[in-house]
Amino acid sequence: MSEHKKEFEPVIVAFTCEHCAYAAADLAGLSKMHFPPNVRTIRLPCTGKVDMLYILRAFELGADGVFVAGCLKDQCHYVDGNYKAEARVMFLKKVLDALGFGGDRLEMYFMSSAMSDKFVEVAHEFTERIRRLGPTPFFKRRSEVLAK
């Protein structure tokens, strides 16, 4: 492993449902469970509100990885918002792969508000995945395009 990758601490953006995943993250904090401080949570009324442009903007602003965390399947407070979010994430993963950016930098998770351990596990595992992938290629590619 290169010296640069050892020092690399990824920036992770987590779009979370306020009823489930955000509540799970909050419960984890109240329970003094530790998850990486580089995970920035953004609370939404429902993950169905996550627009693909929000995700792309997070990458544009420097996120190395993004995950969307919503209610358990068939338990969405807004009926099917988590399924809509999942469809958007799956589509965008394919787009990111086609662009050479890497669909592995984006993921969707499902959890209830009582699953603080699941939120902590997801935060650690996803951070490690992004750490292995290295810094976002977006800025490198942007500088290559601007140099032409």
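This is a chat about side-chain contacts in a predicted model.

Biologist: Hi! Let's start with aromatics. How many aromatic pairs does a search of the whole structure find?

Modeller: Hello! The search turns up six aromatic pairs. One of them joins Phe59 and Phe101.

Biologist: Nice. How are those two rings arranged, stacked or edge-to-face?

Modeller: Phe59 and Phe101 meet edge-to-face, with 75° between the planes and 4.9 Å from centre to centre.

Biologist: And where do Phe59 and Phe101 lie?

Modeller: Phe59 is in helix α3, while Phe101 is in the loop between α4 (81-98) and β4 (106-110), so their pairing ties together parts that are 42 residues apart in sequence.

Biologist: Are Phe59 and Phe101 buried or exposed?

Modeller: Both are buried. Another edge-to-face pair is made by Tyr109 and Phe126, with 6.5 Å between the centres and 85° between the planes.

Biologist: Which parts does that one tie together?

Modeller: Tyr109 belongs to strand β4 and Phe126 to helix α5 (residues 116-133), so this pair links parts 17 residues apart in sequence. Tyr109 and Phe126 are both buried too.

Biologist: Which residues do ring pairs link into a cluster?

Modeller: The cluster is made of Phe35, Phe67, Tyr109, Phe119 and Phe126. You'll recognise Tyr109 and Phe126 from the pair we just discussed.

Biologist: Switching a bit: which ring does the charged end of Arg43 sit over?

Modeller: That would be the ring of Tyr22, with the charged end of Arg43 5.1 Å from its centre. Phe101 has a similar story to tell: Arg105 lies over its face, at 6.0 Å from the ring centre.

Biologist: OK, salt bridges next. How many does a search of the whole structure find?

Modeller: Seven salt bridges come out of that search. As background, side chains with opposite charges can pair when their charged atoms come close.

Biologist: Let's go to helix α3. Which residue does Arg57 form a salt bridge with?

Modeller: Its partner is Glu60, and the closest N and O atoms are 3.0 Å apart. Arg57 and Glu60 are three residues apart in helix α3, so about one helical turn separates them.

Biologist: How accessible is each of them?

Modeller: Arg57 is partly exposed, with a relative accessible area of 43%. Glu60 also counts as partly exposed, at 35% relative accessibility.

Biologist: What about Lys73 and Glu86, where do their side chains meet?

Modeller: They meet in a salt bridge, 3.1 Å from N to O. Lys73 is in the loop between β3 (65-70) and α4, and Glu86 is in helix α4, so the bridge ties together parts 13 residues apart in sequence. Lys73 is partly exposed, at 38% relative accessibility.

Biologist: And what can you tell me about Lys93 and Glu107?

Modeller: Those two side chains form a salt bridge as well, at 3.3 Å from N to O. Lys93 sits in helix α4 and Glu107 in strand β4, so the pair connects parts that are 14 residues apart in sequence.

Biologist: Is Lys93 buried or exposed?

Modeller: Buried, because its relative accessibility is 12% and the limit for that label is under 20%. Glu107 is buried too, at 16%.

Biologist: Which residues do shared salt-bridge partners join into one network?

Modeller: That network holds Glu9, Glu128 and Arg131.

Biologist: Last topic, the surface. Which residues form a nonpolar patch there?

Modeller: Leu53, Tyr54 and Leu56 do, with about 290 Å² of accessible area together. Tyr54 is in helix α3 (residues 52-60), and at 35% relative accessibility Tyr54 counts as partly exposed.

Notes: Residues numbered from 1 in each chain as written. Predicted model: local features only at pLDDT ≥ 70, side-chain atom pairs only at ≥ 80, totals over all residues. Heavy atoms only, no water. Patch = residues over 30% accessible without salt bridge, like charges linked within 9 Å, V, L, I, M, F, W, Y side chains within 5 Å. Areas by Shrake-Rupley, 256 points an atom, 1.4 Å probe, with all protein chains shown as cover. Salt bridge = Lys/Arg side-chain N within 4 Å of Asp/Glu carboxyl O. Helix = DSSP H or I, 4+ residues; strand = E, 2+ residues; numbered from the N terminus. Buried < 20%, exposed > 50% of the residue type's maximum accessible area, 1.4 Å probe, protein only. Phe/Tyr/Trp six-rings, centres within 6.5 Å; stacked < 30°, edge-to-face > 60°. Lys NZ or Arg CZ within 6 Å of the ring centre and 35° of its normal.
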